[in-house]
Amino acid sequence: MRILLTSAAAGLAAVTLSACHSAPAAPPPPPIPLSDSAIAAIRWVESHAVPFAIADSVASSEERAKVAAIVGDARVVGFSELTEGTAQFTNIIRRTLFGLAASSNVRGLAIQASMAEAMDVDRYVRTGVGDRKRLLHALGDWRWESRGMQSLVAAIRAYDDGKPADQQIGFYGFEIPTAAHAIRFITSLGDSVTGKPLGQWLRTQYNCVAANESAHWGLEGRVADSSYWNGCRPLVGEGLDSIVALRKRLGPTSPSAANLAFAEQLARLVQHHVTVGLERLPRHELNAEHVIYLQNLLGPNAKLMVWGGDIEMGRLTQAPNTIQTAVALGEKLGEKYRAVAFAFGDGAVHVRRPATGRSASNQPSGLTDVTVRLPAHETFEDVFRRVPLDAYWLDMRHLPSDNAGAWLKGPRPVRLISDIYAPELPELFLTPLEFPKFFDAVVFVKHVTPERQ
């Protein structure tokens with residue numbers, strides 16, 4: 001979900017104009033007392049929360065045990081970064097990933113980025129091939145080249161170094177806007193590797209996808225759309241078979257063995273892309289298919305962590321037709337899927353502020369550090385921040401049947417901040433959540449600081 005910049009900019013301009021003609025602000029009113037149910041909720045949270053030290057890069061044994069219990073036998077665990085642009089969330093992903101790798105056989109991390117380009121990062125963490133900064137830059141979002149992400153990927157590379165493939169941690173994306181990057185690698189292996197006839201044949205086979213995948217569904221009608229995908233499916237299958245055969249023929253000691261192994265991985269991804277394309281799925285179901293493909297790629301006993309922006313990994317639908325990826329994951333995996341929400345109390349984030357005044361346009365201003373407004377009265381974050389812990393995990397699957405449980409069940413609003421934020425208009429950045437309907441657990445940090453580029 002992305003908040004419309006034009007709405008935020010227009011509202012911010014109105015607030016600014018009003019402030020210029022108003023009287024000096026009155027003293028702030030005294031704090032509004034909490035309801036008895038909210039007080040009971042605080043007590044329940046305090047008695048069930050598992051604290052952790054956010055500054056540490058390694059989880060304690062108590063924290064690892066709690067997170068492992070939340071994950072249980074789930075195949076996929078999704079994290080929703082309700083507010084983006086904090087330095088703390090990347091650290092939470094890092095400590096959780098390595099803790100679950102040791103305790104729960106988590107063998108991969110998937111972020112909300114292109115699958116083909118992210119495969120280059122997976123190759124890097126497993127083998128050291130490539131330049132980390134350049135590969136993360138190619139993912140196309142500043143968050144993926146931030147200091148925290150650079151450190152995380154370097155840590156995964158250090159963890160994987162010297163381990164067999166089934167004990168390594170992989171790095172993936174779970175969206176496929178295009179397979180062009182994968183096709184470029186496959187078709188640029190070079191005639192010295194494939195031989196001229198096979199190289200030309202591969203370029204012809206994969207041109208079906210490269211030349212036509214940008215066509216919009218419905219542009220030529222349903223029959224023409226399906227004809228395209230049906231026409232490409234046998235071609236990419238034959239291309240994959242030929243790459244597999246070439247690998248076997250040249251053998252593992254060939255100078256081209258590593259490149260051919262990677263080409264085979266990308267060829268399988270292209271085949272998946274075309275096969276799923278035939279199903280004409282909406283975005284949330286398509287992303288779910290990609291996530292399941294990655295989990296299967298890791299093996300039947302391995303688990304996958306998924307990092308989604310805002311509420312992507314929560315099982316909820318927003319009016320009128322915005323359905324999150326986790327809705328489809330929950331339908332397909334049931335209890336084999338776990339959803340975790342990240343929230344915080346106060347601090348600053350690295351975001352874009354809407355431009356105001358006569359120079360305002362429909363484009364966001366540059367990234368900057370912005371202090372976030374304190375949570376509104378008796379919202380989830382308001383209650384969570386009153387617990388005397390700096391950071392903690394909270395399992396929300398088994399809420400009590402008393403007033404505390406009814407309060408925590410919701411629905412109640414939380415702040416939802418993606419890459420744009422205007423603190424003058426806090427009401428634009430709220431969305432109602434329910435527990436455990438939408439999320440199984442919460443990881444909460446009382447104070448956050450901005451992520452760094």
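These legends accompany several close-up views of a predicted model.

**View 1. The whole chain sets the scene for the close-ups.**
Welcome to the predicted model, whose chain carries 16 helices and 13 strands. Of its 453 residues, 51% are buried. Among contacts with a separation of 6 or more, 79% join residues 24 or more positions apart. The views below pick out some of these places.

**View 2. The largest nonpolar core has 81 residues.**
Which of its members touch the most others? They are Leu82, Tyr206, Val270, Leu294, Phe384 and Leu433. Leu294 makes a good stopping point: beyond its neighbours within four places in sequence, its contacts are Ala110, Met115, Met119, Tyr172, Gly173, Phe174 and Leu304. Another core, of 52 residues, lies apart from the largest one and includes Ile93, Val106, Phe171 and Val443. As general background, nonpolar side chains tend to be buried together in soluble globular proteins.

**View 3. Helix 4 and helix 7 pack against each other with their axes within 9 Å.**
Helix 4 spans residues 87-103 and helix 7 spans residues 147-160. Are the two roughly parallel or roughly perpendicular? Their axes cross at roughly 15 degrees, and the helices are therefore roughly parallel to each other. The crossing of helix 4 past helix 7 is right-handed. On the helix 4 side, the meeting residues are Thr90, Ile93, Arg94, Leu97, Phe98 and Ala101. Helix 7 answers with Gly148, Met149, Ser151, Leu152, Ala155, Ile156 and Tyr159. Sorted by class, this contact holds nine nonpolar, three polar and one charged residues.

**View 4. Arg157 sits in helix 7.**
Is this arginine buried or exposed? Arg157 has a relative accessible area of 16%, and because the cut-off for buried is under 20%, Arg157 counts as buried. Setting aside residues up to four places away in sequence, Arg157 touches Tyr124, Val125, Arg126, Thr127 and Gly128.

**View 5. Helix 8 packs against helix 12 at an angle of about 140 degrees.**
Here residues 180-187 form helix 8 and residues 257-277 form helix 12, with the axes 9 Å apart. The two helices are therefore oblique to each other, and helix 8 passes helix 12 in a left-handed crossing. Ala182, Ile183, Phe185 and Ile186 are the helix 8 residues that meet helix 12. Their partners in helix 12 are Asn259, Phe262, Ala263, Leu266, Ala267 and Val270. By class, the residues of this contact are nine nonpolar, one polar and no charged. Val270 may look familiar, as it is one of the residues that touch the most other members of the largest nonpolar core.

**View 6. Ala41 is a buried residue of helix 2.**
Helix 2 covers residues 36-48, and Ala41 within it has a relative accessible area of 0%. How far apart are Ala41 and Pro400 in space? Their C-alpha atoms are 9.8 Å apart, although 359 residues separate them in sequence. Not counting residues up to four places away in sequence, Ala41 touches Val383, Ala404, Trp407 and Leu408.

**View 7. Asp369 is a partly exposed residue of strand 9.**
Strand 9 runs over residues 367-371, and Asp369 has a relative accessible area of 35%. The C-alpha atoms of Asp369 and Thr449 are separated by 8.9 Å, with their positions 80 residues apart along the chain. Leaving aside neighbours within four places in sequence, Asp369 is in contact with Val349, His350, Pro450 and Arg452.

Terms used
Residues are numbered from 1 along each chain as its sequence is written. This is a predicted model: local features need pLDDT of at least 70, side-chain atom pairs count only at pLDDT 80 or more; totals for chains, interfaces and linings use all residues. Side-chain values use heavy atoms; hydrogens and water are left out. A nonpolar core is a set of buried Ala, Val, Leu, Ile, Met, Phe, Trp, Tyr and Cys residues joined through side-chain atoms within 4.5 Å. Buried means under 20% relative accessible area, exposed over 50%, partly exposed in between (1.4 Å probe, protein chains only). Contact means heavy atoms within 4.5 Å. Axes are lines fitted to C-alpha atoms, for helices over the stretch in contact, and angles run from 0 to 180 degrees between N-to-C directions. Helices (H or I, at least four residues) and strands (E, at least two) are DSSP runs, numbered from the N terminus. Angles under 35 degrees count as roughly parallel, over 145 as roughly antiparallel, 65 to 115 as roughly perpendicular and the rest as oblique. A crossing is left-handed if the near helix is turned anticlockwise from the far one by less than a right angle, and right-handed if clockwise. Ala, Val, Leu, Ile, Met, Phe, Trp, Tyr, Cys and Pro count as nonpolar, Asp, Glu, Lys and Arg as charged, and the others, Gly among them, as polar.
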